[in-house]
Amino acid sequence: MSTPVQDPGRWRPAFDRPALVALLLGLAGVGYRLVLTLLTLPASNSDEATFGLAAMHIAAGRERPVFLYGQRYMGVLESYLAAPLIGLAGPSWPVLRLPLLALYVLFLWLMYRLTRRLCSPWFAVLVVGLLALGSERVVRDQLTAVGGRPEVKPAVVAMLLITVALAERRVRHRWLATGLFGLLAGAALWSDWLIVPYLAAAGLLLVWAAPRDLVGWPGVLLVAGFLLGVSPMVKDNLVAPDGQDSLSVFREISTKAGPAPPWSDRLRGGLLEGVPLASGLCPMDGCARWQQWFGLLYPVLLVAAALLAVVAYRRAGHRADRVRAVAQLALVAGAGLTLLAYVRSPLAATDPLANSRYLSVLQISLPAVLWPLWLAATRVRRGAAGTAGRPGRDGAAAARRLGGAVATMALVVLTGTAVAATGRFVADAGSLRAEERQARELADAVRGAGLREVYGDYWTCNRLIFNTGEAVVCGVLDGNLTPGQNRYPAYWKRVGRADRPGYVLAVGSSAERGLRRLLGDRADAAVVTEVGGYRVYHPEAAVRPWR
């Protein structure tokens, strides 16, 4: 990325031109996300609030959770990263998200290093430029504390860089490198199981590229690092009740009863909706026809990238070149297995818009996926001059020029589509800010009414608790006014002990209609305030129809 230049009296790194351009693009991407973080964009929700509440409990020394409250398969590393900041500055959405911004910076830098090492400097600039952009779907996966994805992506890229460096003999303390590889793998597995295909690909690459580093103390440290990283999950599963271990819970979620959607629907949802959304080419409400082209092209590019890597491996004259080719194959394998696992799930067909977040890890493979287009776009210019006017080669040159023009157009359209999706998110920022402002106004109104224990729906409760710093606690009810998904049982118990709890319900919801029927003529008198599409009720006596 840079080379040191020694001047009399001082030392400074000298950036070459690609590194300088990549730095400027990276700073633009980081600045864009810093502004979004300070403005709480994208808007918060109760899932993210649960991570924030866990961070509050960790900072206060009250809890040491391993998994997200109410689950046994998603690690809360993001809560542990945010806990020191929340302990110092208090609970707020920007404070909760600042560690994720730091993870994005790390991911961007590592992706530049990996792409430059495996491919070329200017292609690394293109990758950084695309990663600097951000539609709402992409930024939500990067900046909101919803578990796993922000931390596992830089972990995998770092593992690949460590492996390539070990294979090329560029590491001085090799035993520390293998230990770090194992630690990152274990922590990533604890944090989010979606990264398993990439962990498998990185592990196989290590076995092939640096087998000597798996023997002796480096191998011991590799295993020790992995066990240390995954130890929270192992410890929790050892004491979990029957059927509540991570594997059983994850298997139950993945194999819900019901008719399986046809493969055509799953492929359509996975490729035409999921891939473009996860790549930052579409707004959150879905992809238009003209934005779906990249989903159709994606498997073709994966096959082309695999073939290029195989050809590069066979033509390689040095071990370093072979290692880079196999590393590219690892990126292809990670993306292919991730996509295959996604389209096998019914979620790819039943709700592709909401579940496209599970494909956000495909960003790791962006260098391998776009490498065939870059090669076709750049090599045709170099080859045209050498073949001009030679008998029998004009046809081949024309075909290469056509292929290069198509590849160049694809890269231009890809970049333009990503810019348009980013612009759409910026244009919608006003409405998203209004939603966040209403959530804060609701929290202030509940506190101002003197309420400390209330009932509400799932998407209201934990967000309300975090916005009030636990000054108000909330018990979750479903639309039938019966107990809902209460992730942290202590809140439900506290509200259940309250003599006169309040209700925070969306206007016109089934829960509000049910409460008004129970209150009868006293319904209007029980209304404390109405704000942001919600009514706050404080009945004279406790209303708990489920008891």
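The nonpolar patch on the surface comes first: F15, L20, L23, L24 and L27 make it, and it covers about 440 Å². Keep in mind that this is a predicted model. The element that gives the most to the patch is helix α1, residues 17–38, with 4 residues. L20 is found in that helix. Its relative accessibility is 42%, so L20 counts as partly exposed.

Next, the charged pairs. Side chains of opposite charge can pair when their charged atoms come close. How many salt bridges does a search of the whole structure find? The search gives 22.

I will start with R487 and D47, whose closest N and O atoms are 3.8 Å apart. R487 lies in the loop between β4 (473–476) and α21 (489–497), while D47 is in helix α2, residues 46–60, so this salt bridge ties together parts that are 440 residues apart in sequence. Is R487 buried or exposed? R487 counts as buried, because its relative accessibility is 9% and the cut-off for buried is under 20%. D47, with a relative accessible area of 23%, is partly exposed.

The second pair is D428 with R424, a salt bridge of 3.0 Å from N to O. Here D428 has a relative accessible area of 28% and is partly exposed. R424 also counts as partly exposed, at 36%.

The third is R516 with D524, where the N to O distance is 2.5 Å. R516 is partly exposed at 26% relative accessibility. D524 is exposed, with a relative accessible area of 55%. There is also a network: R117, E168, R170, D321 and R324 are joined into one by salt bridges that share partners.

Now the aromatic rings. The count comes to 13 aromatic pairs. One of them is W293 with F294, at 5.7 Å centre to centre and 75° between the planes. Why is this pair edge-to-face? The angle between the planes is 75°, and planes over 60 degrees apart count as edge-to-face. On accessibility, W293 is partly exposed, with a relative accessible area of 23%, whereas F294 counts as buried at 2%. Elsewhere, Y455, W492, Y503 and W546 form one aromatic cluster.

Last, charges over rings. K153 has its charged end over the ring of F107, 5.2 Å from the ring's centre. R266 lies over the face of W263, and there the distance to the ring centre is 4.4 Å.

How values were computed. Residues numbered from 1 in each chain as written. Predicted model: local features only at pLDDT ≥ 70, side-chain atom pairs only at ≥ 80, totals over all residues. Heavy atoms only, no water. Phe/Tyr/Trp six-rings, centres within 6.5 Å; stacked < 30°, edge-to-face > 60°. Buried < 20%, exposed > 50% of the residue type's maximum accessible area, 1.4 Å probe, protein only. Lys NZ or Arg CZ within 6 Å of the ring centre and 35° of its normal. Patch = residues over 30% accessible without salt bridge, like charges linked within 9 Å, V, L, I, M, F, W, Y side chains within 5 Å. Areas by Shrake-Rupley, 256 points an atom, 1.4 Å probe, with all protein chains shown as cover. Salt bridge = Lys/Arg side-chain N within 4 Å of Asp/Glu carboxyl O. Helix = DSSP H or I, 4+ residues; strand = E, 2+ residues; numbered from the N terminus.
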